[in-house]
Amino acid sequence: YIRISDGGFRVVRRAKEEVGRSLKHTQKVSIQEAVNILETLPNEPIKLIVIDELNDETIEKFVTFLDLLKNENIKVSLDLSKLKVSADFSKKVIKEITWFTNAKGLISVILPKWITGINSFLACTALTSVTIPDSVTSIGPGAFGNCEKLTSITIPSSVTSIGPEAFAKCKSLTSIKLPDSI
């Protein structure tokens with residue numbers, strides 16, 4: 001793993017150098033570093049592990065990061081399993097994911113364990129895989145609609161409901177592993 005250090009333009013310059021040498025390596029980054037990387041390397045495939053905490057100070061940058069994922073020229077495999085929520089901020093965070101609508105640059109995602117529901121990966125046309133944690137209890141209507149490259153998905157046993165058309169127009173989807181609870 002490559003750890004990119006903090007610090008404004010140095011982060012961007014160093015990210016370009018390190019990522020340019022080996023984009024196949026996974027980058028462990030803060031939310032700000034993730035934004036810097038996506039703003040400077042929009043056409044390079046990259047794997048990011050976001051090792052930060054959502055709080056009043058980082059939420060604006062996280063929203064910027066999510067907006068950058070809407071660029072179809074960006075190709076990102078994203079691991080959010082280490083993304084934390086501060087105790088003070090957890091009451092403000094919507095624990096049902098609505099973050100990724102039209103994230104055309106998202107190739108794969110591992111969701112954080114504090115998420116309880118999935119409502120929208122709608123039109124994530126490059127998405128090939130999603131890892132859903134055991135904390136998720138529901139998948140909303142049309143949640144994965146138009147995820148054209150999604151080939152298979154495993155629904156954890158914690159999920160008790162899946163909304164109508166949750167996988168509508170997922171033309172590459174050939175396998176859905178369902179728990180007995182559904």
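**Exercise 1. Is strand β5 (residues 75–79) largely enclosed or open, and why?**

Solution. Start with the residue count: four of the five residues of β5 are buried, so the strand is largely enclosed by the rest of the structure. Here buried means under 20% relative accessible area, exposed over 50%, and partly exposed in between, with a 1.4 Å probe and protein chains only. Strands (E, at least two residues) and helices (H or I, at least four) are DSSP runs, numbered from the N terminus.

A word on the model before going on. It is predicted, so local features need pLDDT of at least 70 and side-chain atom pairs 80 or more, while totals for chains, interfaces and linings use all residues. Residues are numbered from 1 along each chain as its sequence is written, and side-chain values use heavy atoms, leaving out hydrogens and water.

**Exercise 2. Which strands pair with β5, and which residues are the partners of L78?**

Solution. Two strands pair if DSSP finds at least two bridges between them. Step one: β3 (residues 45–50) runs parallel to β5, joined by five bridges, and L48 stands opposite L78. Step two: β5 and β8 also run parallel, with four bridges between them; in β8, V109 is the bridge partner of L78.

**Exercise 3. How many aromatic pairs are there, and how are F100 and F121 arranged?**

Solution. A pair of aromatic rings is described by the distance of the centres and the angle of the planes. Rings of Phe, Tyr and Trp (its six-membered ring) pair if their centres lie within 6.5 Å; planes under 30 degrees apart count as stacked, over 60 as edge-to-face and the rest as tilted. By this rule there are four aromatic pairs. For F100 and F121, the centres are 5.0 Å apart and the planes at 10°, so this pair is stacked. F100 lies in the loop between β7 (96–97) and β8 (106–110), and F121 in the loop between β9 (117–118) and β10 (129–131), so the pair links distant parts of the chain, 21 residues apart. Both F100 and F121 are buried.

**Exercise 4. What is the geometry of the pair F144 and F167, and are these residues buried or exposed?**

Solution. The F144 and F167 rings are stacked, at 5.3 Å centre to centre with 5° between the planes. This pair also links distant parts of the chain, with its members 23 residues apart. F144 is buried at a relative accessible area of 0%, and F167 is buried at 16%. To finish, ring pairs link F100, F121, F144 and F167 into a cluster.
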